[in-house]
Amino acid sequence: MWQGLLGLVALGQRLGGGAALCRRLDALTVSRKFSAGMEEEAKQKAGYMAVDNHVQNNQALGIGSGSTIVYAVERLAKRVRDENLKVVCVPSSFQARQLILQHDLPLSNLDRHPELDVAIDGADEVDCNLNLIKGGGGCLTQEKIIAGCAKKFIVIADYRKDSKNLGEKWKKGVPIEVIPMAYVPVTRAIVAKYGGNVELRMAVSKAGPVVTDNGNFILDWKFGTISNWKDVNVGIKMIPGVVETGLFINMVERVYFGLEDGAVCFRDRQSH
């Protein structure tokens with residue numbers, strides 16, 4: 001079945017792009033019931049397809065974070081073994097670093113490889129223009145650095161992350177990494193300028209706030225209606241004390257979505 005749907009993917013690209021194809025495939029599955037196992041299978045296939053389509057020999061790769069990335073690294077390790085690929089992997093988080101080491105892949109960093117050929121990562125939400133919210137796991141700054149250093153930024157996600165507008169499905173807000181001493185002034189500035197509600201992210205298994213790998217705090221901004229994410233992203237970053245936002249605007253080249261029936265579709269960023 002998957003191979004047949006891959007044929008539809010190719011056909012959809014020739015007929016006008018991945019967005020329409022995603023809608024067609026979704027329409028094919030609307031009346032069926034699926035198990036969590038099939039959803040995991042779809043995430044696995046999305047991760048595998050991203051690696052197969054974008055990873056080549058002699059590349060420097062950025063490795064992102066999240067549950068879907070586990071499958072991408074699994075596939076990468078198999079291709080390295082089977083095809084004797086020569087690659088180096090630069091992690092965007094502690095989790096990514098551990099995945100690289102667990103699969104005996106060559107570990108590198110941006111000091112050695114400041115320009116990456118491809119970065120593969122997940123997302124908390126993807127809108128119709130392929131803008132992302134990331135940072136649910138707290139690694140937004142490192143993830144954006146890695147994505148920004150890559151010639152191609154590829155995202156893998158499941159269908160639950162696909163929205164028309166940001167905030168439609170992801171209800172936890174936009175993560176914003178801040179210098180600890182500035183979290184109150186930053187909170188006040190964001191609410192004054194853009195409205196909504198800002199909360200300091202608190203740790204679950206310890207007292208006090210979440211602390212990032214960089215020693216900073218994370219604010220979660222639950223926003224209202226936003227029409228221009230590019231301007232909002234720049235405006236928040238200009239507030240003194242803000243390190244980075246979880247808004248990834250005009251950065252993604254392609255997103256692979258694992259569908260609820262175990263199939264995969266993809267959508268490319270449209271050139272303007």
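This section describes the fold, the nonpolar cores and selected loop residues of a predicted model.

The protein contains eight helices and 13 strands, and buried residues account for 50% of its 272 residues. Among the contacts with a separation of 6 or more, 74% are made by residues that lie 24 or more positions apart.

Six strands are assembled into an open sheet of mixed pairing, in the order β2-β1-β3-β6-β12-β13. The edges of this sheet are formed by β2 and β13, each of which pairs on one side only, and neighbouring strands are turned against each other by 20° on average when direction is ignored. Strands of a sheet pair through backbone hydrogen bonds, in either a parallel or an antiparallel manner. Between β1 and β2, which run parallel, there are five bridges, and Leu 61 has Cys 89 of β2 as its bridge partner. Helix α5 packs on the sheet, where it touches β1 and β2, and its direction makes about 150° with that of β2.

The largest nonpolar core comprises 27 residues, and those with the most contacts inside it are Val 55, Ile 63, Leu 76, Leu 105, Ile 120 and Tyr 256. Two or more residues are given to this core by each of α3 (36-54), β1 (59-63), α4 (67-83), β2 (87-91), α5, β3, β6 (150-158) and β13 (264-268), and the largest share, six residues, comes from α4. Leu 105, one of the residues with the most contacts inside the core, touches Val 73, Leu 76, Ala 77, Val 80, Cys 89 and Ile 100, if residues up to four places away in sequence are not counted. Another core, of 23 residues, lies apart from the largest one and includes Leu 166, Ala 182, Leu 219 and Trp 229. In soluble globular proteins, nonpolar side chains tend to be buried together.

Helix α4 has 17 residues and reaches 25 Å from its first C-alpha to its last, which is close to the 24 Å expected at 1.5 Å a residue. The buried residues in α4 include nonpolar ones such as Ile 69, Val 73, Leu 76 and Val 80, together with Thr 68, Arg 75 and Arg 79. The helix is followed by Asn 84, whose phi is positive, near 55°. Helix α6, spanning residues 140-148, is mostly covered, with seven of its nine residues buried; among these are Glu 143 and Lys 144, as well as Leu 140, Ile 146 and Ala 147.

The loop between β1 and α4 holds Ser 65, which is classed as buried because its relative accessible area of 11% falls under the 20% limit. The side chain of Ser 65 makes a polar contact of 2.6 Å with the side chain of Ser 93, and a further polar contact, of 3.3 Å, joins the side chains of Ser 65 and Glu 143. With residues up to four places away in sequence left out, Ser 65 touches Ser 92, Ser 93, Gln 95, Asp 121, Gly 122, Cys 139 and Glu 143.

Two residues of the loop between α5 and β3 were examined, namely Ser 108 and Asp 111. Ser 108 counts as buried, at 7% relative accessibility, whereas Asp 111 counts as exposed, at 73%. The side chains of Ser 108 and His 113 are joined by a polar contact of 2.6 Å, and Ser 108 also touches Val 88, Cys 89, Val 90 and Pro 91, again without counting residues up to four places away in sequence. The C-alpha atoms of Asp 111 and Val 90 are 10.0 Å apart in space, with the two residues 21 apart in sequence.

Most residues other than glycine have a negative phi. Asn 58, by contrast, has a positive phi near 60°; Asn 58 is placed in the loop between α3 and β1 and counts as exposed because its relative accessibility of 58% is over the 50% limit. A positive phi of about 65° is likewise found at Leu 130, which is not a glycine. Leu 130 is situated in the loop between β4 (125-126) and β5 (132-133) and, at 2% relative accessibility, counts as buried.

Conventions
Residues numbered from 1 in each chain as written. Predicted model: local features only at pLDDT ≥ 70, side-chain atom pairs only at ≥ 80, totals over all residues. Heavy atoms only, no water. Helix = DSSP H or I, 4+ residues; strand = E, 2+ residues; numbered from the N terminus. Buried < 20%, exposed > 50% of the residue type's maximum accessible area, 1.4 Å probe, protein only. Core = buried A, V, L, I, M, F, W, Y, C linked by side-chain atoms within 4.5 Å. Contact = heavy atoms within 4.5 Å. Expected span 1.5 Å × (residues − 1). Polar contact = N/O pair within 3.5 Å; in protein donor to acceptor, adjacent residues only side chain to side chain. Pairing = 2+ DSSP bridges. Axes fitted to C-alpha atoms, helices over the stretch in contact; angles between N-to-C directions.
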